[in-house]
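Could you walk me through this model in the viewer? I would like to know what to select at each stop and what I will find there.

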Amino acid sequence: MDFDYDESQDAVAEVVVSLLERHSERDDALWPAVVDSGLLLVALPERFGGDGMGLPEVAAMLTEFATDAAQIPALATLGFGLLPLLDVAPDALADQIFPAVAKGAVLTAALSEPGAPFAVKPETAAVAEGGTVRITGHKVGVPYAAQARWILVPTDSGIAVVPTETPGVTLLETPASTGMPEFSVHLEDVRIPAEQLLPGGPGELHRLALASIGAVADGLVKGALTLTAEHVRTRHQFGRPLAEFQAVAQQIADLYVISRTLHVAAASANWALAQPDPSPEQQERIDDDLDVLAFSVASELPAAMQKCHHLHGGIGVDMTHPLHRYYSQAKDIARWLGGASFRLDRLGARCSST
């Protein structure tokens, strides 16, 4: 196995870095520039004018955006929406969605239900009625739902691809640490064409979402560590840089260990998931890596951000300082995952069953 970026990942990362150097926006105002840069074409099939790449390149892109804490719908559109559709969307559905994504359309996925983060057995019901499917259920914590053209909705009969403006879809905005748009989604007798209900459970959707979240977490802690290291190197107290104080040096060392740990966990999970190996052994390894990654992110990422804030002192909580963007994204990600205790329970159950 080789976790280093290959040429295509390097190229994607360089485009992101160049884009961020040319534009100062770090919120949704950056999205038009992302569209114009061609980055949304990276994972699209070549017949739609895309580059035909996949998870490794998307992960590299998400990591680089997160390194600068850009709060844009890239994770929702690419990690939660596009990647899960690439191999399973029928041609008619692909013809609708993929060209729209190339032009900047936002996608998202409703991964959680009340009391059930990343719900393995969704209670949202899908009932076939002739050429249509009727969907009823309740989803929570759906990022960019109001901005999305389509929402991937796991049901008890497959993954429904629901246009947001379909009658029966009700969105209730809920608070998020970053202030980004996040919604509770109610579906009441929502009717979609039968071909927009994709067979199978939420397993692959969850896998790709977790891998993408891991890539974002990798970038967030890397960027926050860079900010913090520069701060303690240049900030002086008692005539000395903060970095020369032993306690500060030890805490920076701890942050470096966390950063490298999350990087290895994210790189391992993304590498394993990208391998074209359908064997049961490989699938087991993928799920092991993803459960370890999810627990590592939920437990270590918020703690690392707290330490970065501590080392910045009061400066880090100032809204004019960029550190708050890293911290708030880390909190939202940990909440989406269900928290450290929930992820430890899932990891423990997996260990006890093997």
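Contact here means heavy atoms within 4.5 Å. Keep in mind along the way that this is a predicted model.

**Stop 1: a loop threonine.** Select T166, in the loop between β5 (158–163) and β6 (169–173). Is T166 buried or exposed? Its relative accessibility is 12%, so T166 counts as buried, because buried means under 20% relative accessible area. Now show what surrounds this threonine: leaving aside neighbours within four places in sequence, T166 is in contact with V190 and R191. Add L187 to your selection as well; 21 residues separate L187 from T166 along the chain, and their C-alpha atoms are 9.5 Å apart. Then turn to the T166 side chain, where a polar atom lies 2.7 Å from the backbone oxygen of P163.

**Stop 2: the sheet.** Next, select β1, β4, β5 and β8. In that order, these four strands form an open sheet with mixed pairing. At its edges are β1 (106–109) and β8 (197–198), each pairing on one side only.

Begin with β1 and β4 (residues 148–155), which run parallel and are joined by four bridges. Two bridge pairs are handy to label: V106 with A148 of β4, and A109 with L152 of β4.

Move on to β4 and β5, where the pairing is antiparallel and spans six bridges. Here I151 stands opposite V162 of β5. The connection from β4 to β5 is a hairpin through two residues.

How enclosed is β4? Seven of its eight residues are buried, so β4 is largely enclosed by the rest of the structure.

**Stop 3: the helix across the sheet.** Select α5 (residues 91–102), the helix that lies across β1, β4, β5 and β8. Relative to β4, α5 runs at about 130 degrees.

**Stop 4: an annotated span.** Colour residues 19–104, which an unreviewed UniProt entry lists as "domain: Acyl-CoA dehydrogenase/oxidase N-terminal". This span is 56% helix and 0% strand, and its end C-alpha atoms lie 16 Å apart.

**Stop 5: cysteines.** Finally, select C308 and C351. C308 is buried, with a relative accessible area of 1%, whereas C351 counts as exposed at 52% relative accessibility. How many disulfides does a search of the whole structure find? It finds zero.

Technical notes:
Residues numbered from 1 in each chain as written. Predicted model: local features only at pLDDT ≥ 70, side-chain atom pairs only at ≥ 80, totals over all residues. Heavy atoms only, no water. Buried < 20%, exposed > 50% of the residue type's maximum accessible area, 1.4 Å probe, protein only. Polar contact = N/O pair within 3.5 Å; in protein donor to acceptor, adjacent residues only side chain to side chain. Disulfide = S-S within 2.5 Å. Pairing = 2+ DSSP bridges. Axes fitted to C-alpha atoms, helices over the stretch in contact; angles between N-to-C directions. UniProt positions renumbered as here; feature names shortened; annotations may be inferred.
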